[in-house]
Structures are given as structure tokens and as C-alpha cells.
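User: I have a model open and some questions about its contacts. Can we go through them one at a time?

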Amino acid sequence: MELAMDALQAVQNKFYELCPPTDKERKFGFKCCTTMKPTQWAYPSRAPSSTIPHTATISGDIRMSPFYNIGEIREEIRLFANSLDVSKLGGRGPSQYVLPDGTRGAVKLEYAGPGLRGYAADVRGQAFDVIVKAVKEVLGEAKPYSVTGSLPCIADLRDEGFDVCCTGFGLMSYYHANNERAKISDFHNGFKIVIAMINHAEAL
């Protein structure tokens with residue numbers, strides 16, 4: 001488990017070296033920069049607490065803004081992780097990852113799938129202009145922002161030439177929470193915004 005923690009730190013440091021916050025992320029109003037974060041641990045559960053488990057697995061996710069090449073970053077991180085020299089990872093107290101008999105700890109990074117591409121809306125496009133005008137008309141103001149979510153069909157539509165933007169009318173403070181919800185008044189305003197969008201689009 002200590003090896004897993006030290007390896008994770010090394011891999012995360014490399015990831016953030018490759019994917020620092022960018023001016024484009026700030027320009028597009030991303031709430032968070034590109035991230036790599038652990039979310040789950042797994043290890044042999046039948047072993048007593050006094051026994052060092054022979055294996056440990058850390059799972060998590062990578063959320064990338066669309067300004068990085070996901071394929072290139074994935075491969076570079078995989079190669080870095082799978083070639084780590086565990087003897088240089090430090091350790092804690094007497095812990096060591098290479099034993100006197102030559103036994104070495106090992107690190108392996110695997111991806112659960114091919115990943116999903118992000119996209120950046122055309123902030124100079126007609127769709128963006130229509131949405132902003134409609135939101136301002138109904139709510140009095142519009143504050144566009146971006147998130148690192150997963151909507152693979154959106155990038156596909158953009159690649160086919162569609163002017164694509166996303167909007168919603170729920171409560172961002174409850175996004176993906178166990179009690180995720182929206183107010184009836186938000187849906188009411190949402191319908192008004194959709195109608196205003198149609199009106200502005202027809203006027204183009």
C-alpha cells in the first residue's frame with residue numbers, strides 16, 4: 001500500500017507536469033483544471049491487519065480539458081508509470097520496495113477504456129450567441145462556464161460541422177450529488193430560455 005501511495009504521487013506529479021493549468025482553461029471559464037485523482041482503493045481483505053498485503057489497486061479518473069491530446073497524455077503517463085524505478089520512490093521509515101534478496105515491488109498502470117474526448121464550444125459562433133442572449137433575456141444575466149464532464153456525442157457532432165454548445169437549468173451545487181435536484185422554477189425559466197433561443201435563432 002505504501003508503494004502504491006508513493007507511485008501514485010510520482011505519477012500525479014508527472015501528470016501535472018504535462019498538464020498544467022492553461023490560459024485557455026481560464027478563458028473558457030473551466031471550474032477546474034485538468035486533473036488526475038484517485039477515488040477507490042482495493043487490496044486483499046482477508047489478510048489480518050498485521051500483514052502487509054502483497055498487492056494493492058488504486059482506481060480513479062482523469063478529467064482533461066479539450067486543450068490537451070488525450071491519446072498522447074494517456075500513453076506518456078502509462079509509459080512513465082510502468083517504467084518507474086521503485087528503488088527511487090523513497091518509502092516511509094524502514095519500508096523499502098527492493099528487498100535484500102532482490103525481490104522488487106512492481107507498478108502497473110492500466111486504463112479501463114479508451115477515454116472520452118472533450119470539446120470547447122465556439123464562443124464566437126451563432127449557437128453561443130443565441131444561448132447567451134436567451135439566458136440574459138430571461139434571467140437578466142449570463143455567466144458562461146465550462147466543466148470537464150463526459151458527453152462523447154458532443155465532440156462527435158462538432159467534428160461533423162455542427163455548432164454545438166451545452167446548457168442546463170439545474171442546481172450546480174447539487175451536481176452529481178446523492179440528492180441531485182432542480183427547482184420547478186428553474187425548469188420554468190428553462191422553458192422560457194428555450195423559447196427565447198428559438199426566437200433568436202429564427203431571427204438569424
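User: Which residue does aspartate 85 form a salt bridge with?
Analyst: Aspartate 85 pairs with arginine 104, and the closest N and O atoms are 3.0 Å apart. A salt bridge here is a side-chain nitrogen of Lys or Arg within 4 Å of a carboxyl oxygen of Asp or Glu. This is a predicted model, where local features need pLDDT of at least 70, side-chain atom pairs count only at pLDDT 80 or more, and totals for chains, interfaces and linings use all residues. Residues are numbered from 1 along each chain as its sequence is written, and side-chain values use heavy atoms, with hydrogens and water left out.

User: Where are the two partners in the chain?
Analyst: Aspartate 85 and arginine 104 are both in the loop between α3 and α4, 19 residues apart. Helices (H or I, at least four residues) and strands (E, at least two) are DSSP runs, numbered from the N terminus.

User: Is that aspartate 85 buried or exposed?
Analyst: Neither; aspartate 85 is partly exposed at 29% relative accessibility, and arginine 104 is partly exposed at 46%. Buried means under 20% relative accessible area, exposed over 50%, and partly exposed in between, with a 1.4 Å probe and protein chains only.

User: How many salt bridges does the count come to?
Analyst: The count is 10 salt bridges. Among them, lysine 108 and glutamate 110 meet at 3.1 Å, N to O; lysine 108 is exposed at 65% and glutamate 110 is exposed at 58%. Glutamate 141 and lysine 143 meet at 3.9 Å. Lys37, Asp61 and Arg63 are linked in a network of salt bridges.

User: Switching to the inside. Which residues have the most contacts in the largest nonpolar core?
Analyst: They are Val11, Phe15, Cys19, Ile73, Ile77, Leu84 and Leu89, in a core of 17 residues. Helices α1 (2–18) and α3 (70–82) each supply at least two residues of this core, and α1 gives the most, with 5 residues. A nonpolar core is a set of buried Ala, Val, Leu, Ile, Met, Phe, Trp, Tyr and Cys residues joined through side-chain atoms within 4.5 Å.

User: What is leucine 84 in contact with?
Analyst: Leaving aside neighbours within four places in sequence, leucine 84 is in contact (heavy atoms within 4.5 Å) with Ala7, Ala10, Val11, Leu89 and Val107. There is also a second, separate core of 11 residues, which includes Tyr119, Ile131, Val164 and Cys165.

User: Back to cysteine 19. How many disulfides does the structure hold?
Analyst: The structure holds 0 disulfides, a disulfide being a pair of cysteine sulfur atoms within 2.5 Å.

User: Why is there no bond for cysteine 19?
Analyst: Because the closest cysteine sulfur, in cysteine 33, is 9.3 Å away, too far for a bond. Cysteine 19 is buried, with a relative accessible area of 0%. Cysteine 33 is in no disulfide either, and the nearest cysteine sulfur to it, that of cysteine 32, is 4.7 Å away. Cysteine 33 is partly exposed at 25% relative accessibility.

User: And the surface. Which residues make the nonpolar patch?
Analyst: Met1, Met5, Trp41 and Tyr43 make a patch of about 390 Å². Tryptophan 41 lies in strand β1 (residues 35–42) and is partly exposed, with a relative accessible area of 39%. Patches are made of residues with over 30% relative accessible area and no salt bridge: like charges are joined within 9 Å, nonpolar side chains (Val, Leu, Ile, Met, Phe, Trp, Tyr) within 5 Å. Accessible areas come from the Shrake-Rupley method with a 1.4 Å probe, and for residues only the protein chains shown count as cover.
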